[in-house]
Amino acid sequence: MKEKKGAIVLGIGALLGGLFLIFRKGKPALAEPPPNGIVVALWNPPKEATKWLMNILNWDVSRYLSSGALGITEPAIFEVEQDWFPLRIEIRIEDAGGVIIYYVQSFSITEDYTEVFIPDYGSYYYNVSKERFEH
């Protein structure tokens, strides 16, 4: 009897695990970056988010590039010189009224400072809920 219960429990566990793998939300592939470039899109932005902006800065914060305002599903695309890496970042996410609902930066030691950098060329997601870049 115990063997049957164990088999049933294992079977239910396997079924639930399989359903999780089938229905989990995977990240769609990002576009290839331009030569000497990066592509960054958001993952897990706040539900009320409608637009975002990203600035990238060279390591010594003497130069920067801005994406300008982007729709929440639009990726930021930059062409970057090799000597800028690793890149410091600033990301601002806003709601429809223009209120900043998320902000992170890695260039000034303030309460919004987060140890998050882009190490090299490529395509990345910025996972808002985990505050990190992912491929």
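## Close-up views of a predicted model

**View 1. Strand 5 has two unlike faces.** Side chains along strand 5 alternate: Ala76 and Phe78 point to one face and are buried, while Ile77 and Glu79 point to the other and are not. This is a predicted model. Such alternation between the two faces of the sheet is what a regular strand shows in general. Strand 5 runs antiparallel to strand 1, and four bridges join them. Within strand 5, Phe78 stands opposite Ile38.

**View 2. An open sheet holds four strands in the order 5-1-8-9.** The pairing in this sheet is mixed. Strand 5 and strand 9 (132-134) are the edge strands, each pairing on one side only. From one strand to the next, the twist averages 30°. Strand pairing in a sheet runs through backbone hydrogen bonds, in either the parallel or the antiparallel sense. Strand 1 shows both senses here: strand 5 runs antiparallel to it, whereas strand 8 pairs with it in the parallel sense. Six bridges make up the pairing of strand 1 with strand 8. Val39 stands opposite Ser123 of strand 8.

**View 3. The whole chain, for orientation.** The protein has one helix and nine strands. From the N terminus, the elements run α-β-β-β-β-β-β-β-β-β. Of its 135 residues, 34% count as buried. Among contacts with a separation of 6 or more, 56% join residues 24 or more positions apart. The accessible surface comes to about 8,500 Å². Carbon and sulfur atoms account for 58% of that surface.

**View 4. The largest nonpolar core has 26 residues.** Nonpolar side chains tend to be buried together in soluble globular proteins. In this core, Trp52, Met54, Ile91, Ile118, Tyr126 and Phe133 touch the most other members. At least two core residues come from each of strand 1 (37-43), strand 2 (49-57), strand 5 (76-79), strand 6 (88-95), strand 7 (100-105) and strand 8 (122-127). Strand 2 gives the largest share, four residues.

**View 5. The surroundings of Tyr126.** Tyr126 is one of the core residues that touch the most other members. Setting aside residues up to four places away in sequence, Tyr126 touches Val40, Ala41, Leu42 and Trp43, among others. Further partners include Ile91, Tyr102, Val104 and Val116. The list also takes in Glu131, Arg132 and Phe133. Of these partners, Ile91 and Phe133 are themselves among the core residues with the most such contacts.

**View 6. Glu131 has a positive phi.** Glu131 lies in the loop between strand 8 and strand 9. Its phi is positive, about 50°, although Glu131 is not a glycine. Its relative accessible area is 34%, so Glu131 is partly exposed. Glu131 is also one of the residues that Tyr126 touches.

**View 7. Two further backbone details.** Most residues other than glycine have a negative phi, and most peptide bonds are trans. Asn36 has a positive phi of about 55° and is not a glycine. Asn36 sits in the loop between helix 1 (2-23) and strand 1. The peptide bond from Phe85 to Pro86 is cis, with omega near -5°. Pro86 belongs to the loop between strand 5 and strand 6.

**View 8. Thr50 and its contacts.** Thr50 is part of strand 2. Its relative accessibility is 36%, so Thr50 counts as partly exposed. Leaving aside neighbours within four places in sequence, Thr50 is in contact with Leu70, Gly71 and Ile72, and also with Glu94, Asp95 and Ala96. Thr73 lies 23 residues from Thr50 along the chain, and their C-alpha atoms are separated by 8.5 Å.

**View 9. Gly68 and its contacts.** Gly68 is in the loop between strand 3 (64-66) and strand 4 (70-71). Its relative accessibility of 25% falls between the 20% limit for buried and the 50% limit for exposed, so Gly68 counts as partly exposed. Beyond its neighbours within four places in sequence, Gly68 is in contact with Trp52 and Leu53. Gly68 and Trp52 are 16 residues apart in sequence, and 8.3 Å apart from C-alpha to C-alpha. Trp52 is also one of the core residues that touch the most other members.

Notes
Residues numbered from 1 in each chain as written. Predicted model: local features only at pLDDT ≥ 70, side-chain atom pairs only at ≥ 80, totals over all residues. Heavy atoms only, no water. Buried < 20%, exposed > 50% of the residue type's maximum accessible area, 1.4 Å probe, protein only. Contact = heavy atoms within 4.5 Å. Core = buried A, V, L, I, M, F, W, Y, C linked by side-chain atoms within 4.5 Å. Pairing = 2+ DSSP bridges. Axes fitted to C-alpha atoms, helices over the stretch in contact; angles between N-to-C directions. Areas by Shrake-Rupley, 256 points an atom, 1.4 Å probe, with all protein chains shown as cover.
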